[in-house]
Amino acid sequence: MAALHLDFSLPLRDFELSLALGVSRTVALVGPSGAGKTSVLRAVAGLARARGRIAVGEETWLGDGVDRRPEERRVGLVFQEYALFPHLSVRANVAYAGRARVDGLLERFGIAHLAAAKPGELSGGERQRVALARALARDPAVLLLDEPLAALDAHTKTVVRTELHQLLGEVRLPTLLVTHDYGDAASLADEVGVLVAGSLRQLATPAELVARPADAFVAAFTGANLLHGTATRHGDLTHVQLTSGERIFSTDEARGDVGVVVYPWEIGVSREETHDSPLNVLRGEIGSVFELGNRVRVRIGPITAEVTASSVERLDLARGGVAYATFKATGTRLVSL
Amino acid sequence: MTRRVLVAALAFAASVVTLGFLVLPVVAVFARVSPRRLVGQLGNPVVTDALLVSVKTTAIAQALILLLGTPTAYVLARRFRGREALVTLVELPLVLPPAVAGLGLLAAFGRTGLLQTSFPFTQTAVVLAVAFVASPLYIRAAIAAFEAVDPDLVAASRTLGAGLPRTFFRIVLPLARPGLTAGAALAFARGLGEFGATIMFAGSLRGVTQTLPLAVYSEFDVNFDVALAVSALLIVVSAALLVTLKWLPSISTSRFRFATSS
């Protein structure tokens with residue numbers, strides 16, 4: 001799998017978009033609307049005229065006097081509203097880029113029974129599966145997803161997020177996705193880049209973004225910790241066995257593989273173990289202590305808490321020490337993965 | 001209460017007068033002579049000659065309009081500087097008095113005109129006159145039809161490996177087709193009825209440049225029944241076109257719905 005390398009700029013109406021980035025697995029770009037997220041995808045696909053360099057492995061798409069047209073760039077671009085051809089059947093949509101793998105793709109995405117239907121007759125989730133199948137039929141070198149979950153209602157979104165997560169694991173293509181929802185980005189991508197007014201404020205793993213946000217905007221925008229685990233239901237509580245070994249509790253209903261979302265400001269920090277039953281407790285080594293204005297983000301084992309500067313002093317929190325992160329079961333959100 | 005009844009009655013009366021006024025001349029054409037005589041007059045050599053000229057020139061003009069107008073409209077549907085000015089120029093023949101259009105064509109293509117051609121008073125002149133007055137109707141409709149095609153669909157087609165020609169024929173053209181067909185029908189109707197520009201630029205030579213509308217004019221003080229017969233024919237064709245236009249959207253959507261995968 002050849003990685004995607006980007007180093008380009010593109011003048012937009014209010015600012016210049018410029019981005020340098022290497023994509024080998026899944027990178028999500030998040031940012032407020034109007035940050036230039038979609039323009040990044042359009043530049044990679046050759047739909048917007050950028051200056052600089054875009055290459056996949058040894059194959060140059062832009063730069064060194066080369067500027068390949070969109071049809072010569074081998075991208076699988078899934079549009080926000082899917083852009084399915086309304087006058088063509090599902091089968092003809094998927095077969096548009098090439099007939100060779102159509103039947104396999106229709107089977108794989110569970111849309112074989114819809115082959116003769118027109119896009120107008122499909123639900124949001126079905127449309128997205130058709131759009132993904134169509135993009136993959138091109139046998140792309142790079143997958144580009146524009147707000148893959150934005151056009152879906154809350155229920156469908158949960159299902160599709162799970163499907164998409166599995167798919168991205170299977171196709172093993174350099175994938176660039178853009179979204180305004182940090183939760184979607186963190187749950188789907190290995191690395192998350194925060195894009196504001198056309199420039200990348202920070203690029204890091206979701207855990208790193210929460211632990212060491214580059215600035216207040218990133219801190220406010222990225223927000224939550226995301227842990228992984230397996231959920232089982234016991235009475236009113238859901239027990240989640242974390243991949244790191246600990247067990248925590250949530251009042252959200254869920255079963256199977258889940259993502260656990262906890263906001264840093266909902267996490268308390270102590271140096272001694274408390275035995276308060278409604279609290280989740282994670283013991284860990286302090287990985288980093290990061291000042292953010294008058295607040296401080298403290299990374300404890302797999303999780304980051306946000307506390308006041310005076311607490312840091314009082315508790316003598318320093319790198320290498322051991323601390324306990326505590327948070328309520330009611331403040332522990334579960335998202336399916 | 002009585003006032004409301006009065007208003008309603010006045011509105012009703014106005015509708016009756018308007019509809020009567022618009023329908024009466026059409027009905028009169030058919031009422032004056034029996035249908036059998038009308039059909040009989042269609043065999044008159046003046047009529048068959050004019051029909052032949054009309055069919056030939058309108059067909060050629062229509063082909064030119066579609067072949068040249070479609071790419072022109074596609075270009076004008078894009079956003080660029082000066083586009084509005086160009087579209088206005090294209091629309092100008094629509095509002096031009098026909099006599100002015102005929103004079104302009106003479107001034108451009110006449111023997112002593114700008115281009116000094118031998119077109120005037122030939123069938124070529126008829127084709128040019130028809131194309132000049134009718135093409136703006138098609139181009140306007142085609143621009144609107146192309147503009148209505150979602151640019152994301154064009155972008156999607158290209159990222160799926162289709163170049164511009166394939167994108168145009170497989171995505172843009174099928175999606176714009178209902179609008180293009182409507183525009184073509186309007187242009188055809190306008191071209192078929194063309195009179196003013198043709199009589200100035202091409203004259204009214206029987207069998208050469210005398211189209212059906214020109215035959216109506218030249219026959220109406222020679223043989224009124226022939227003029228009526230030709231008029232009746234034109235009414236039937238025009239009405240058929242209008243009805244087709246009205247039905248077009250539903251036809252095209254149902255065709256899309258039932259089309260099987262290609």
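## Two domains in chain B

In this predicted model, the domain assignment splits chain B into domain 1, covering residues 1-32, and domain 2, covering 34-258. Their C-alpha centres are 33 Å apart. Contact between them involves four residues of domain 1 and four residues of domain 2. On the domain 1 side, three of the touching residues are nonpolar and one is charged, with no polar residue among them.

## Chain A as a whole

Let's turn to chain A, which holds nine helices and 21 strands. Its radius of gyration is 22 Å, and the globule rule gives 20 Å for 337 residues, so chain A is as compact as a globular protein of that length. Along the principal axes, the C-alpha atoms of chain A occupy a box of roughly 65 × 50 × 30 Å.

Of the 337 residues in chain A, 45% are buried. If you look at contacts in chain A with a separation of 6 or more, 66% of them link residues 24 or more positions apart.

## Where the chains meet

How many residues of chain A are in contact with chain B? There are 20, and they meet 18 residues of chain B. In chain A, strand E7 (75-78) and helix H2 (90-95) each contribute at least two residues to the side that touches chain B. That side of chain A is made up of twelve nonpolar, six charged and two polar residues.

## The largest nonpolar core

The largest nonpolar core has 158 residues, and the members that touch the most others are A:Val44, A:Ala133, A:Leu144, B:Ala129 and B:Val230. Helix H6 of chain B (residues 123-147) gives the most to this core, supplying 18 residues.

A:Leu144 is a good place to zoom in. Leaving aside residues up to four places away in sequence, A:Leu144 touches A:Leu41, A:Val44 and A:Ala45, then A:Val75, A:Gly76, A:Leu77 and A:Val78, and also A:Leu176. A:Val44 thus appears both among the partners of A:Leu144 and among the core members that touch the most others.

## A hairpin in chain A

For a local detail, have a look at strands E10 (residues 191-196) and E11 (residues 199-204) of chain A, which run antiparallel and are joined by five bridges. Within this pair, A:Leu195 stands opposite A:Leu200 of E11(A). In a regular strand, side chains alternate between the two faces of the sheet.

What lies between E10(A) and E11(A) in their hairpin? Two residues separate the strands, and A:Ala197 in the turn has a positive phi of about 45 degrees.

Methods: Residues are numbered from 1 along each chain as its sequence is written. Chains are lettered from A and ligands numbered from 1 in the order in which they are written. This is a predicted model: local features need pLDDT of at least 70, side-chain atom pairs count only at pLDDT 80 or more; totals for chains, interfaces and linings use all residues. Two residues are in contact if their C-beta atoms, placed from the backbone, lie within 7 Å. Helices (H or I, at least four residues) and strands (E, at least two) are DSSP runs, numbered from the N terminus. Ala, Val, Leu, Ile, Met, Phe, Trp, Tyr, Cys and Pro count as nonpolar, Asp, Glu, Lys and Arg as charged, and the others, Gly among them, as polar. A nonpolar core is a set of buried Ala, Val, Leu, Ile, Met, Phe, Trp, Tyr and Cys residues joined through C-beta atoms within 7 Å. A residue is buried if 20 or more other C-beta atoms lie within 10 Å of its own, exposed if 12 or fewer, and partly exposed in between; C-beta atoms are placed from the backbone. The radius of gyration is taken over C-alpha atoms; the globule rule is 2.2 Å times the number of residues to the power 0.38. Domain bounds come from an automatic or database domain assignment. Two strands pair if DSSP finds at least two bridges between them.
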